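Me: I am new to this structure and would be grateful for a close look at a single part of it. Please concentrate on the charged side chains that pair with one another, and on the backbone around them.

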Amino acid sequence: MRLRPRPRLRPLTRRFPGAVAMLAAAAVLIGGCDVARDAARDRIAGLRHVVAAAHARPAAADQKPGGPKAGSPKAKADAWRLVWSDEFRGPARHRPDQAKWSFDRGGEPQWGNHEWQYYTDRPGNVSLDGHGNLALTARHERVHEVRGKKCGFGPCDITSARLTTKGRFARAYGRFEARIKIPKGQGLWPAFWMLGANVDKVAWPGNGEIDVMEALGRQPGTVHGTIHGPGYVAQGIENHTTLARGRSLADGFHTYRVDWAPGKLTWYLDGKPYGAACAGQLKHGQKWVFDHPHYLLLNLAVGGDWPGPPDRSTPFPARMLVDYVRVYERAGR
């Protein structure tokens, strides 16, 4: 169904503001896993809040032009309300806010992917960069933590970092977004993802895994968004999109996002939807396990079944830079 151009919606919003809410509700009901309908729904919902705001407060005579910059929390205030965030401000080599994040440590076999890296909490692997970013750095080195230990996979000479909000923050439903610059290189595997907060009672994959962003260093122009649950473990239900004209996600920062509603998730790259997953699309033997709180994770893995091992072409140190992580709920809920 072709989307209506914006000008044809304006007379309706001026004369019948309530009709916009009805259209938004209809879009949710008929949307299914159609990402084009998701885009239409978001546009209609945004118009609804703009109209409501216009009726609620007249424009101030001394209001400054411009408004909030794109990507700021205030820029989304019309349709979404910020409920949790980390902007990673602070001096270089300082740890990220430990009221929000904890560190996973150690190597395989606990990660289950035949990965090569050993995760640490050292500033050389995870710290603020002093420019408003969190830096997760993979290094080719041997450190005290792994001396004398038998590594599950690889030569025990790669360190990196993995952060989690487990026990500090978890949520079901909303908008989950991060602005990240990924590294490129054979064997590198950056990710922004979520795990069901009931993991201590319900083992993976029964607790659910939502991968907001995964990328392979050997294919840095492609982003993957996936869910894993009972009956779709190794393969998962996966969506992906590739930048045009051979561009690389490693060349700059990009915004990775998932919008999560009951029975449905929709993935976005730089504000554009590229895939969705719905409870109604599951096959026999598969179970939807995404209607309870999940916590957040950020990590830079090296090696593993999917990306393959690093080689002589892999650049070390390799850095994954995170500008911010933000979580929103729909306004009015």
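Reply: Arg 326 is a suitable place to begin: in this predicted model, its relative accessibility is 5%, and because the limit for a buried residue is under 20%, Arg 326 counts as buried. The partner of Arg 326 is Glu 87, and the closest N and O atoms of this salt bridge lie 3.0 Å apart. The two residues belong to distant parts of the chain, 239 residues apart. Glu 87 is found in the loop between strand E1 (80–86) and strand E2 (102–104), whereas Arg 326 is part of strand E17 (residues 318–330). Glu 87 has a relative accessibility of 16%, so this residue is counted as buried as well.

The loop between E1 and E2 deserves further attention. Phe 88 lies in this loop, and its phi is near 60 degrees, which is a positive value in a residue other than glycine. With a relative accessibility of 2%, Phe 88 is buried. Arg 93 also has its place in the loop between E1 and E2. Its phi is near 70 degrees, again positive although the residue is not glycine. In contrast to the buried Phe 88, Arg 93 is exposed, its relative accessible area being 56%. These values stand out against the general pattern, in which most residues other than glycine have a negative phi and most peptide bonds are trans.

A further charged residue of this loop is Arg 95, whose side chain forms a salt bridge with that of Asp 121 at 3.5 Å, N to O. Arg 95 lies between E1 and E2, and Asp 121 in the loop between strand E3 (118–119) and strand E4 (126–128), so the contact ties together parts that are 26 residues apart in sequence. Arg 95 is partly exposed, with a relative accessible area of 36%. For Asp 121 the value is 17%, and this residue is therefore buried.

Strand E17 leads to another pairing. The side chains of Asp 323 and Arg 179 meet in a salt bridge, with 2.8 Å from N to O. Since Asp 323 lies in strand E17 and Arg 179 in strand E8 (residues 174–181), the pair joins parts that are 144 residues apart in sequence. Asp 323 is buried, with a relative accessible area of 18%, while Arg 179 is partly exposed at 28%.

Such contacts follow a general principle: side chains of opposite charge can pair when their charged atoms come close. Not every link here is described as an isolated pair, for Arg 81, Arg 171 and Glu 329 are connected in a network of salt bridges. Altogether, the structure has 11 salt bridges by the rule applied.

Two peptide bonds complete this view of the backbone. Glu 108 and Pro 109 are joined by a cis peptide bond, with omega at about 15 degrees, and Pro 109 lies in the loop between E2 and E3. A cis peptide bond also joins Trp 204 and Pro 205, where omega is about 5 degrees. The position of Pro 205 is in the loop between strand E9 (188–196) and strand E10 (209–214).

Key
Residues numbered from 1 in each chain as written. Predicted model: local features only at pLDDT ≥ 70, side-chain atom pairs only at ≥ 80, totals over all residues. Heavy atoms only, no water. Salt bridge = Lys/Arg side-chain N within 4 Å of Asp/Glu carboxyl O. Helix = DSSP H or I, 4+ residues; strand = E, 2+ residues; numbered from the N terminus. Buried < 20%, exposed > 50% of the residue type's maximum accessible area, 1.4 Å probe, protein only.
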